[in-house]
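Q: Could we go through this model together? I would like to begin with the overall fold and then move to particular residues.

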Amino acid sequence: MIAEEPKFRHEYKYLISAAQLPILRSRVENIMRLDSHVGKNGIYNIRSLYFDDYENRCFYENENGTDPREKFRIRIYNHSTERITLECKKKERGKNLKLSCPLTLEQILRLLDGGGIDTSEQSCPLIRKMDLQMKTRRLRPVIIVEYDRIPYVYKNGNVRVTFDLNISSSVALRDFTSETIPKRPVMPAGWHLMEVKFDEFLPDYIYNGLNLGSLQQSTFSKYYLCRKHNHN
């Protein structure tokens, strides 16, 4: 089976209140299904370790809306190191592309101890690219972003609607793989983030079902907000 090539996708973001959350969820549940990766409570936890260089280029490019731009992150789910993913998120002309490849726990622990990523037996171009940027741009870990996600999916248009709750940040970078880490919320009390992602088209009944025309689209960035809250 040939792996599908990654593609640029549309990504719309909306800040929603605690009062809007159950209303929007009830609308989504009528037309989409929960992602199969959720637990019994319909939620999974995401923890991401983001990188930036010595000039804080990723932070300032995000602040200035630079296009194109990209940033690296390492991601785990539900506080488990069974699945560790290196990702490069690219933004260009209003669309997003995510490239990814797996990492081992040994690679992460070495990186957190101040070393580089061992590329001696790696065939993944993304790991080699990050290793090069760590050597040439002094790319290094800068912030942890953590939140709980309620994800819904729909096959036509490859649509994902997600609700991100309890968005928080941490500078305890060496504790990235720990079960729990010290963290602090970065959103005003009672506010959450809804994201709508799709390929070429968003079906009208999903757009109308969510009543997106009445919600204000945002340029919200979890990474940027968490960096700003921690004074870069």
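Q: How does the radius of gyration of the chain agree with that of a compact globule?
A: This is a predicted model, in which local features need pLDDT of at least 70, side-chain atom pairs count only at pLDDT 80 or more, and totals for chains, interfaces and linings use all residues. Residues are numbered from 1 along each chain as its sequence is written, and side-chain values use heavy atoms, with hydrogens and water left out. The chain has a radius of gyration of 18 Å, which agrees with the value near 17 Å for a compact globule of 232 residues. That radius is taken over C-alpha atoms, and the globule rule is 2.2 Å times the number of residues to the power 0.38.

Q: And how many helices and strands are there?
A: The chain holds six helices and eleven strands. These are DSSP runs numbered from the N terminus: helices are H or I with at least four residues, strands are E with at least two.

Q: What share of the residues is buried?
A: Buried residues make up 49% of the 232. Buried means under 20% relative accessible area, exposed over 50%, and partly exposed in between (1.4 Å probe, protein chains only).

Q: Turning to the largest nonpolar core, which residues touch the most other members?
A: Of its 24 residues, they are Leu-49, Phe-51, Phe-72, Ile-74, Leu-86, Met-130 and Phe-176. The largest share of this core, four residues, comes from H4. Such a core is a set of buried Ala, Val, Leu, Ile, Met, Phe, Trp, Tyr and Cys residues joined through side-chain atoms within 4.5 Å.

Q: What does Phe-176 touch?
A: Beyond residues up to four places away in sequence, its contacts (heavy atoms within 4.5 Å) include Leu-49, Ile-74, Ile-108 and Ile-144.

Q: Now helix H2. Which of its residues are buried?
A: In H2 (residues 57–64), these are Cys-58, Phe-59, Glu-61 and Asn-62. They pack against strand E3 (44–52), strand E4 (69–77) and helix H6 (222–229).

Q: What is the nearest side chain of opposite charge to Glu-61?
A: That is Arg-57, 4.8 Å away, and Glu-61 has no salt bridge. Lys and Arg count as positive and Asp and Glu as negative, with His and the chain ends not counted; a salt bridge needs a side-chain nitrogen of Lys or Arg within 4 Å of a carboxyl oxygen of Asp or Glu.

Q: Is Asp-131 buried or exposed?
A: Asp-131 is buried, with a relative accessible area of 10%. This residue of helix H4 (125–136) touches Ile-117 and Thr-119, not counting residues up to four places away in sequence.
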